[in-house]
Amino acid sequence: MNPRILLSWLKKFLDMGKQNSEYHIPVLLNSSVEALITNINGTYVDCTFGGGSHSRKILSKLGKKGRLIAFDKDKDSLRNSIDNDDRFQLIHSDFRYLKKYLLYYNIDKIDGVLADLGVSSHQLDENERGFSFQSDRSLDMRMNRNQELSAEMLLKNYSEMELSRVWKTYSELTNASKIAHQWIKERKSVRIKTCKDFAEWVSPFVYGPRNKFLAKLFQGIRIEVNQELSGLEELLQQCSELLQPGGRMVILSYHSLEDRLVKKIIKGESNEPLSFLNSNESKMFRLVNRKLIEADDEEMENNSRSRSVKMRIAEKI
Ligand SMILES: C[S@@+](CC[C@H](N)C(=O)[O-])C[C@H]1O[C@@H](n2cnc3c(N)ncnc32)[C@H](O)[C@@H]1O
């Protein structure tokens, strides 16, 4: 047999055996699913399938007539799909197309939506995906590898103003414009091949703890490459139309930009110009948890990713 075919079979076999917890350890698993389900025979959406732990938990709580539609725009997550359960369906797409897909499947109302935002551990840990500043592969950061814009292309083609906006708004760095200015001056002459090279190049601009600074810088690029905030805004807008009265939206955010957006929409208050939030439809949701829900000490100890989680639960009025 051709050794390349044999190798690819072997890889597929090993990947299948990979535990979901190796792909991604779920955060606030029990409390999020408990908050989500109000009708065991209802229709639910898991917008961020990843390793599939939240979806599996939801299915375990649903009755025979319940239904779960899941989304993930990363092809790698498809290998975690749930077979032999006809209540479940996984869609390889951005969740910003939620309404279109539901229309296609003749679903006009849903009972709950869960979104566990951001990246999976798999995406961060896989060297070749180029998400981490420790990766020695090229800067990629695309959740959906069919899309054209990668982190490398962004650094190559964005103007000084655009880069400055990304690092100011999404990384919340106070020296964003200085970094952007110097990068534009040097980008044609410096040899940056990997994430590590870029992290090294930016060293003179680092303030505070190095890893924290780099994590913020890379986070900004990632948010822009994947258009994370506009996707979230579109999703939340659609949720207000699609949820039945009493249906719930459970959102797990990992940085303040996401959480601020979620909070504004739930509270129906925004001062963002040209946003749907300014329309008269404002008050669409009732806040279920007045206090933000965070992971407890035990979960934080076992799963470092849970340290930054903020969960908000809202009920459609
Ligand atoms: C934090 S992980 C979710 C983990 C999942 N809850 C679990 O139990 O394993 C986030 C996942 O959402 C996906 N994702 C992020 N933004 C997305 C979007 N706009 N559309 C579709 N999938 C998205 C990522 O590819 C990633 O797999």
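Colleague: Let's start with the sheet. Over how many bridges do β1 and β2 pair?
Modeller: Bear in mind that this is a predicted model, where local features need pLDDT of at least 70, side-chain atom pairs count only at pLDDT 80 or more, and totals for chains, interfaces and linings use all residues. Residues are numbered from 1 along each chain as its sequence is written. Strands are DSSP E runs of at least two residues, helices are H or I runs of at least four, both numbered from the N terminus, and two strands pair if DSSP finds at least two bridges between them. V45 has I69 in β2 as its bridge partner, and β1 and β2 run parallel, with a bridge count of four.

Colleague: Which helix joins β1 and β2 in a right-handed β-α-β unit?
Modeller: Right-handed here means that, with the strands pointing away from the viewer, the path from the first strand over the helix to the second runs clockwise. The unit made with β1 and β2 fits that, and its helix is α4.

Colleague: Which strands do the buried residues of α4 pack against?
Modeller: A residue is buried if 20 or more other C-beta atoms lie within 10 Å of its own, exposed if 12 or fewer, and partly exposed in between, with C-beta atoms placed from the backbone. In α4 (residues 53-61), the buried ones are S53, H54, S55, K57, I58 and L59. Packing is read from contacts, meaning C-beta atoms, placed from the backbone, within 7 Å. On the helix side the partners are α2 (20-23) and α3 (29-36), and on the strand side they are β1 (43-46), β2 (67-71), β3 (88-91) and β4 (110-116).

Colleague: Why is β2 largely enclosed by the rest of the structure?
Modeller: β2 also pairs with β3, in the parallel sense over four bridges, and L68 stands opposite F88 there. As for the enclosure, it follows from the burial count, so the reason is that the buried residues of β2 number four of five.

Colleague: R87 sits in the loop between β2 and β3. How many C-beta atoms lie within 10 Å of R87?
Modeller: R87 touches L59, L62, G66, R67 and L68, leaving out residues up to four places away in sequence. Its C-alpha is 8.4 Å from that of I69, 18 residues apart in sequence. R87 comes out as partly exposed because the number of other C-beta atoms in that range is 18.

Colleague: Which residues come nearest to the ligand?
Modeller: The shell counts residues whose C-beta atom, placed from the backbone, lies within 6 Å of the molecule. For the classes, Ala, Val, Leu, Ile, Met, Phe, Trp, Tyr, Cys and Pro are nonpolar, Asp, Glu, Lys and Arg are charged, and the others, Gly among them, are polar. That splits the shell into five nonpolar, eleven polar and six charged residues. Of the 22 residues around the ligand, the nearest are T48, G50, G51, S53 and D74.

Colleague: On to β5. Which residue in β7 is the bridge partner of R248?
Modeller: β5 (residues 243-253) has eight of its eleven residues buried, and six bridges join it to β4 in a parallel pairing. β5 also pairs with β7 (residues 310-316), antiparallel over six bridges. In that pairing, the partner of R248 is E315.

Colleague: How many residues does the largest nonpolar core have?
Modeller: A core is a set of buried Ala, Val, Leu, Ile, Met, Phe, Trp, Tyr and Cys residues joined through C-beta atoms within 7 Å. C47, L68, V113, A115, L235, V250 and L252 have the most contacts inside the largest one. A second, separate core of 26 residues includes Y158, Y170, F218 and I221. The largest has a residue count of 45.

Colleague: Is N106 buried or exposed?
Modeller: N106 is in the loop between α5 (98-104) and β4, and its phi is positive, about 60°, although it is not a glycine. With 6 C-beta neighbours inside 10 Å, N106 counts as exposed.

Conventions. Two residues are in contact if their C-beta atoms, placed from the backbone, lie within 7 Å.
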